[in-house]
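Biologist: I am new to this one and would like to get to know its cysteines. Could we go through them together?

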Amino acid sequence: MLLSCSAKRYGVVEATLEYRKELDGLRALAVLSVIIYHAKLKFMGLELFSGGFFGVDIFFVLSGYLITSIVKHGFEQREFSFVNFYWRRVKRIVPALLVVLAVTAFGAYKILLPDDLVSFGKSLTAALYFSSNFYFFNEDSYTAAASVFKPLLHTWSLGVEWQYYIIFPVVMCIIYKFFRKYAFTILAAMGFFSLQLADFTVVNHPDFAFYLLPTRAWELIAGGLCAYVGRDFIYKREGNAKLILSILPLLGIFLITYSLLCINDKSHLPSYLSLMPVLGTCLLIIFSQKDEVVSSALSLKPIVFVGAVSYSLYLWHQPVFVFYRFTHQEVLTVSEFLLLTVISFGLAVFTYYFVENPLRKLRSKKYALSIAACVLVIFIGGCSIVNHEGFPQRLGGLASLYDKGPTLPDMSDCGLGIGKRCLIQDKNSTNNIVLIGDSHAQAMALSLSDFARKNDYNLLNFAVSGCPGIALIKRKLNDGVDEICNSLAKKADDFIKKNKNSLVVYMTRMPLYMLNDKNGPWVFSTTGKGITHDIQSVITGWGNNGNKVIVIYPVPQPPFNVPNETNKRLAVAKSISEKLAIFNDKSFLEFDKNKYSKVWDVNFKKARELFDGVNGDNIIRIYPEEQLCNGNVCRTHSDKHLFYKDDNHLTYYGMNLVVGEINQKLNLSH
């Protein structure tokens, strides 16, 4: 008779699973590796636990082993219940998560700037319904510098696991109903396909491969396959066979340790390289035994205890580290790391004893309703944060600092095949502003749209983040936007050639592209003559067609993230009046534009020389440093507004200074 997938008794399933201390010890190693990796500690210039992110991969394998053992046992004993399975997962995961989310939300409200709080609010709601991996997939990569300032970044892995928990029992139900004899083979095939997909996509779509379930499922399946390997044979072997079996756990811990210490986040991951920690974990799951050295070490009481609280420790460490970085400094010393780890551990122990353990034993309907109510309250809080733009009014007289200005007016499709990127004042007018460049040009779009409306210009926005905007220059990042870059650059060229008397505005973070004149890490010349030659020839060509070309020179680059540094310095003051006094100090966040790092100093010089080499009567040069700097000393704000979004992009108010200079130069040229 075919197995029915209807709900039956379930209570005995988890109780029959063997508790193995060494696996809790392995969880301890995994969570401590992740924490050290997130701390970014260095010794003699080398990052400690450069592969500590593999701790999450270890968690995936262990979770796959546990869940498959539970589901497999349930179906084999014909007592599996979907309702009970999901309810047990909720009781195991959700209570501690809700506590951490609630406390983190309170801390975020007190500490974060409005823009950062809005981002947090979005990640908060995503974490509630276990879709953080999708949310962060659309943000910066996991290894980006900004990641150390995201309090809930680590919840991406919970999203992957929960999505797996939802799908996997259904898959197992189908397998055990129709293909029971081939369960292991089918799971192995699914795991192999997932691994192949990860290895195939990671080069061109690294964030997809990193964050999403299709390319992570193989790690959970690998752990699940271990549940099909009986361990009785380990204890029945003698002689050479027993010796070999005792060596395999050593091989497993070696593979794991090597991965954690010697591989770094510059590698393409997940991929076949990820097999190293995954296979190492599988070897320990299958072959560890009480009388061998690895199992004995991982079974030591202190290590097992850390493993027992590893889930709560994982939840707490990221917001603790992030809030400290927001209020103090990004780079942590060893003593700061130890302090933050102790704080995280203390919170984890409290959560384990007063939230995790007691609540997972409750079964009443009132408990379920309480969880639902908490989820609803936190969800409303997250939505309110986003809808109220981070509650800038909580900052009193400093609220204007975080005013982002008006919103960009609705853009239309002007029939050029570039999408909704046009602000048309008059379809018959030949007064066109053509905006070309990267994210620096995009940051100018709002201020330039104000200028266009006041002066009866049509605005056509060809700017794309990370793109130099020159058809002869191509990118090397392979991040999926190369076709857009090349397409818009060519269409901008075509429009400029066909429409004389246009006003072409070119702005980029050119020093970034000048890291190497011939073949930089971002771009390369398609002509073989170097990017300097190609850029100069294209910009000069724009001006030779009767167009005026406004070349925006590089924006002075502060050696810090301006909003974050503002937050850190104002955090030391308790009252709004004290914060205002600090902010109104004339020297607040000033910087010397000549004190770049050696590399950036060279690149700024190259960028200025490149633009100096653009010749033509119709070239108008704009120097942002003339508006932002007095001599070598540059300001980052006015009395009311910040001029920088980060450490290189200007805000709407910073860009207004640049566009104001454009207006002045155009008036002078008439």
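Modeller: Gladly! A disulfide here is a pair of cysteine sulfur atoms within 2.5 Å. Please keep in mind that the model is predicted.

Biologist: Thanks! How many disulfides does the structure hold?

Modeller: A pair counts when its sulfur atoms are within 2.5 Å. Cys 629 and Cys 634, at 1.9 Å, form one of them. The number of disulfides in the structure is 3.

Biologist: Is the disulfide of Cys 629 and Cys 634 left-handed or right-handed?

Modeller: Both ends sit inside: Cys 629 is buried at 14% relative accessibility, and Cys 634 is buried at 0%. The torsion about their S-S bond is about 95 degrees, so the disulfide is right-handed.

Biologist: Which parts does the pair of Cys 467 and Cys 485 tie together?

Modeller: Their sulfur atoms are 1.7 Å apart, and they form a disulfide. Cys 485 lies in helix α19 and Cys 467 in a loop, so the pair links parts that are 18 residues apart in sequence. The parts are helix α19 (residues 482-498) and the loop between β6 (458-461) and β7 (473-475).

Biologist: In the disulfide of Cys 414 and Cys 422, is Cys 414 buried or partly exposed?

Modeller: Its partner Cys 422 has a relative accessible area of 1%, so Cys 422 is buried. Cys 414 has 26% relative accessibility, and buried means under 20%. Cys 414 therefore counts as partly exposed.

Biologist: And which cysteine sulfur is closest to that of Cys 226?

Modeller: Cys 226 is buried, at 5% relative accessibility. The closest cysteine sulfur is 3.6 Å away, too far for a bond, and belongs to Cys 282.

Terms used:
Residues numbered from 1 in each chain as written. Predicted model: local features only at pLDDT ≥ 70, side-chain atom pairs only at ≥ 80, totals over all residues. Heavy atoms only, no water. Buried < 20%, exposed > 50% of the residue type's maximum accessible area, 1.4 Å probe, protein only. Helix = DSSP H or I, 4+ residues; strand = E, 2+ residues; numbered from the N terminus.
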